[in-house]
Amino acid sequence: MNTAPAGSGTKRRRSLLLMVAGLLAAALVAAGWFAVSRERPDGPGGAEVSTGVPSIFPVPQHARLGNGAPVPITGHVYVVAPAGTDQASTAAVRDLVAASGGTAEVVTALPSPQEGSSAIHLGTESAVGPVLKALQVDGDSSVRDALGRAEGYSIATGQSDGIPTAVLAGRDDDGVFHAVQTLRQVLKDGAVAPVQVSDWPLMETRGVIEGFYGTPWSHEARLDVIEFAGSQKMNTYIYSPKDDPLLRDKWRELYSDRELSELRELIDAAAANHVRFSYALSPGIDVCYSREADLEDAVAKLESLYSLGVRSFVIPLDDIATKVQCAEDLREFGAGQVNLAKAQASFVNDVNAKFISGKAGVLPLETVPTFYNGSGSTPYKKELGRALNPEIVVQWTGEDVVSHRITTKSAETAGDTYGSPGKPRSLVIWDNYPVTDFSQDHLFLAPVIGRDADLHRSIKGIVTNPMIQPYLSLPAIFNYADLSWNGPAYKPGPSMDAALSLLAGPDPEVRAAVRAFVDLNQDWQDDELTPSAPELRRDVDQFWSEYDAGKSPSAALRNRAGLLQKLPTLLPRMAEPGFAQDGTAWIAAASEYGRGVEEAITMLEAAKREDTQAATAARSAVEGALKTAGAKTQPTLELGVVTPVLGNDELAAFIERALQRVPAA
């Protein structure tokens with residue numbers, strides 16, 4: 001939707017995941033987050049409170065200290081995966097053991113373990129039930145809750161078969177995979193922490209929609225985002241880049257063999273990471289809803305994706321003409337928005353009947369209405385709700401195209417509006433954050449805010465529409481994974497801190513640089529919950545307060561300026577190097593602003609001691625830095641080259657104020 005005003009890669013991704021498995025735990029320890037309870041007074045299971053449990057993201061429904069000692073994995077470790085156990089989960093556990101320095105022996109059963117070994121059992125409940133019983137957790141109410149829900153899982157530790165044992169039990173293969181993602185976060189000092197985790201998602205659909213205008217992501221970036229999403233227990237990636245011509249302008253054309261090969265790799269990567277690849281075909285620009293040939297073309301296109309393994313489909317009808325266009329439709333349905341809804345419902349219903357309904361394993365069809373925001377009823381929405389097959393899911397953006405707040409009440413109303421009397425429509429929120437296609441000179445790196453904690457009660461799920469920059473979108477994707485898994489426990493600050501620690505890695509200087517850069521990119525549409533550059537503003541306010549009082553200002557602002565100047569050398573050292581690559585233009589501008597701020601402080605100090613020559617030289621450096629920072633350096637697909645904007649109100653305001661205090665000689 002239009003938010004604008006008008007091979008070696010696989011090896012790198014696996015290496016990155018193995019690395020960050022330890023980095024997140026190390027970062028959370030450094031931040032002092034390990035002794036944090038993950039039980040909620042209002043959560044399932046009551047008001048249990050415990051300490052010493054590793055922080056886990058997404059925040060689980062239940063996590064508490066388990067029985068016994070940690071389960072070491074630096075020696076010989078049996079990875080017990082009964083026949084039929086999810087292969088991706090088994091491989092991931094084997095790799096985690098190897099990354100910890102242990103030797104993994106994958107077996108289907110454990111008849112007589114050797115002394116000094118440890119064991120990690122994984123599989124669905126039917127496969128690992130005896131181990132749950134041996135660890136005396138099979139009757140635990142939270143374990144029963146977790147293993148009774150789709151994608152649920154439970155982790156427990158203790159002694160079984162005479163050796164230290166951890167069990168990863170899943171309600172289904174997805175649950176087993178999610179358990180492995182939690183296992184990554186409870187590894188500490190070469191051992192599985194003694195924990196008992198029982199967990200399941202509150203939203204059925206949790207994921208990413210590549211649905212922006214502007215330069216589409218690279219194939220490599222898509223693979224990386226899919227893997228990241230899977231590691232955060234998301235389950236959906238919707239392929240819907242607006243500037244892919246074969247999705248919109250040339251939607252009737254079939255993909256070439258090369259393009260099909262890339263799509264197949266994405267689909268396979270999604271499956272391996274327990275993420276469903278959803279294909280969104282957007283025929284609305286020139287479709288005739290009543291034309292049989294257009295229906296056949298749409299079905300043929302979807303059929304070509306089905307043959308690759310796609311089992312989830314969307315027909316978006318957003319950002320198109322708001323009236324019936326072709327002569328056949330005018331004769332069949334008539335003019336006006338009510339008849340547009342009638343025509344669209346007829347077409348989408350036909351796709352559903354002719355393609356979706358007859359396919360085994362295909363999920364319910366989804367669509368995006370032409371009028372896709374706002375919860376109140378309109379003639380268009382009323383007719384769409386009446387005419388559209390009740391099994392078809394609607395994607396909705398909230399009260400606005402870019403919604404600052406999305407409430408449970410609003411979503412409930414929208415479900416009724418897009419539904420039929422007595423049967424609310426199932427909704428997935430297409431959330432237009434942190435998308436920047438409407439503001440391509442900005443980055444949006446603030447935490448996800450303003451979404452009701454209990455949204456899961458009124459919607460099927462939520463997908464985030466990210467930035468044109470895929471790796472800079474990872475912090476928000478992390479937040480959305482946390483929010484959609486367990487909204488009542490989601491806390492924006494800690495969730496974003498954990499995301500940045502994961503992406504930065506363990507180096508304290510790099511982490512400080514990441515946070516300084518992110519601070520400059522907080523401003524989202526002048527929202528009071530995401531004020532521009534709050535940490536910089538604090539240092540600026542302190543500087544002027546002390547300077548105007550005749551005191552010697554603290555070094556906080558000068559230190560921050562120095563850190564900003566080092567961003568081009570520090571940020572490429574992050575655990576996720578794509579973050580710095582995506583932000584090259586903004587990082588360079590931030591560095592120049594840092595130079596400008598430091599030179600402005602030097603100028604003020606020189607003027608105070610009446611050193612005219614030094615003040616003049618510093619002023620010249622300030623003006624040079626401002627000019628360089630304001631250069632057009634960021635290319636865009638349709639807008640040419642633009643000037644990166646970041647914390648400009650605070651940075652430029654400080655520099656301009658300093659220049660006013662020291663008039664030119």
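# Reading a predicted model, feature by feature

Trainee: How many aromatic pairs does a search of the whole structure find?

Mentor: There are 20 aromatic pairs in the whole structure. Keep in mind that this is a predicted model.

Trainee: How do I read one of those pairs?

Mentor: A pair of aromatic rings is described by two things, the distance of the centres and the angle of the planes. Take Phe313 and Phe355: their centres are 5.1 Å apart and the planes make 85°, an edge-to-face pair. Phe313 is in strand S14 (residues 312-316) and Phe355 is in helix H10 (residues 337-356), so this pair links distant parts of the chain, 42 residues apart.

Trainee: Is Phe313 buried or exposed? And what about Phe355, buried or exposed?

Mentor: Phe313 is buried, at a relative accessible area of 0%. Phe355 is buried as well, at 1%.

Trainee: Can you show me another pair to practise on? What are the values for Phe543 and Phe654?

Mentor: The ring centres of Phe543 and Phe654 are 5.4 Å apart and the planes stand at 80°, so this pair is edge-to-face. Phe543 belongs to helix H16 (residues 534-548) and Phe654 to helix H22 (residues 648-661), so the pair ties together parts 111 residues apart in sequence. Both Phe543 and Phe654 are buried.

Trainee: Which residues form an aromatic cluster with Tyr237?

Mentor: Tyr237 shares one aromatic cluster with Tyr239, Tyr255, Phe277 and Tyr279.

Trainee: I see charged side chains by some rings too. Where does the charged end of Arg311 sit?

Mentor: Over the ring of Tyr306, with 3.7 Å to the ring centre. For a lysine case, look at Lys608, which lies over the face of Tyr547 at 3.9 Å from the ring centre.

Trainee: Let's move to disulfides. How many does a search of the whole structure find?

Mentor: Just one disulfide turns up. Cys288 and Cys326 form it, with their sulfur atoms 2.0 Å apart. To read such a link, check where each end sits. Cys288 is in the loop between S13 and helix H8 (292-306), and Cys326 is in the loop between S14 and helix H9 (327-332), so the pair ties together parts 38 residues apart in sequence.

Trainee: Are those two cysteines buried or exposed?

Mentor: Cys288 counts as buried at 2% relative accessibility. Cys326 counts as buried too, at 13%.

Trainee: Now sheets. What is the strand order in the open sheet of three strands?

Mentor: The order is S2-S9-S8, and the pairing is antiparallel. Strand S2 (71-72) and strand S8 (187-188) are at the edges with a single partner strand each, so one side of each has no neighbour in the sheet. To go down to residues, follow the bridges. S2 and strand S9 (residues 191-192) run antiparallel and are joined by two bridges, and Val71 has Val192 in S9 as its bridge partner.

Trainee: What about parallel pairing? Which strands pair with S5 that way?

Mentor: Strand S3 (residues 76-80) pairs with S5 in the parallel sense over four bridges, and Tyr78 stands opposite Ala119 in S5. Strand S7 (residues 163-170) also pairs with S5 in the parallel sense, over six bridges; there, Gly123 stands opposite Ala169 in S7. Strand S5 (residues 118-124) is mostly covered, with six of its seven residues buried.

Trainee: And helices? How do I think about which side faces where?

Mentor: An α-helix has 3.6 residues a turn, so residues three or four places apart point the same way. Now look at helix H17 (residues 556-565): its buried residues are Leu557, Arg560, Ala561, Gly562, Leu563 and Leu564. Those buried residues pack against several helices, including helix H15 (508-519), H16, helix H20 (584-608) and H22.

Trainee: Last one: how do I read a single loop residue? Where is Asn273?

Mentor: Start with its place, then its cover, then its contacts. Asn273 is in the loop between helix H7 (257-272) and strand S13 (276-280). Asn273 counts as buried at 11% relative accessibility. Its side chain reaches the backbone oxygen of Ala269 at 2.8 Å. Leaving aside neighbours within four places in sequence, Asn273 is in contact with Phe177, Ile226, Glu227 and Gly230.

Trainee: And where would Gly376 fit in that scheme?

Mentor: Gly376 is in the loop between strand S15 (366-368) and helix H11 (379-387). With a relative accessible area of 39%, Gly376 is partly exposed. Not counting residues up to four places away in sequence, Gly376 touches Lys381 and Thr417.

Note on methods. Residues are numbered from 1 along each chain as its sequence is written. This is a predicted model: local features need pLDDT of at least 70, side-chain atom pairs count only at pLDDT 80 or more; totals for chains, interfaces and linings use all residues. Side-chain values use heavy atoms; hydrogens and water are left out. Two strands pair if DSSP finds at least two bridges between them. Rings of Phe, Tyr and Trp (its six-membered ring) pair if their centres lie within 6.5 Å; planes under 30 degrees apart count as stacked, over 60 as edge-to-face and the rest as tilted. Buried means under 20% relative accessible area, exposed over 50%, partly exposed in between (1.4 Å probe, protein chains only). A charge sits over a ring if NZ of Lys or CZ of Arg is within 6 Å of the ring centre and within 35 degrees of the ring normal. A polar contact is a pair of N or O atoms within 3.5 Å; within protein, one must be able to donate a hydrogen and the other to accept it, and residues adjacent in sequence count only if both atoms are side-chain atoms. Contact means heavy atoms within 4.5 Å. A disulfide is a pair of cysteine sulfur atoms within 2.5 Å.
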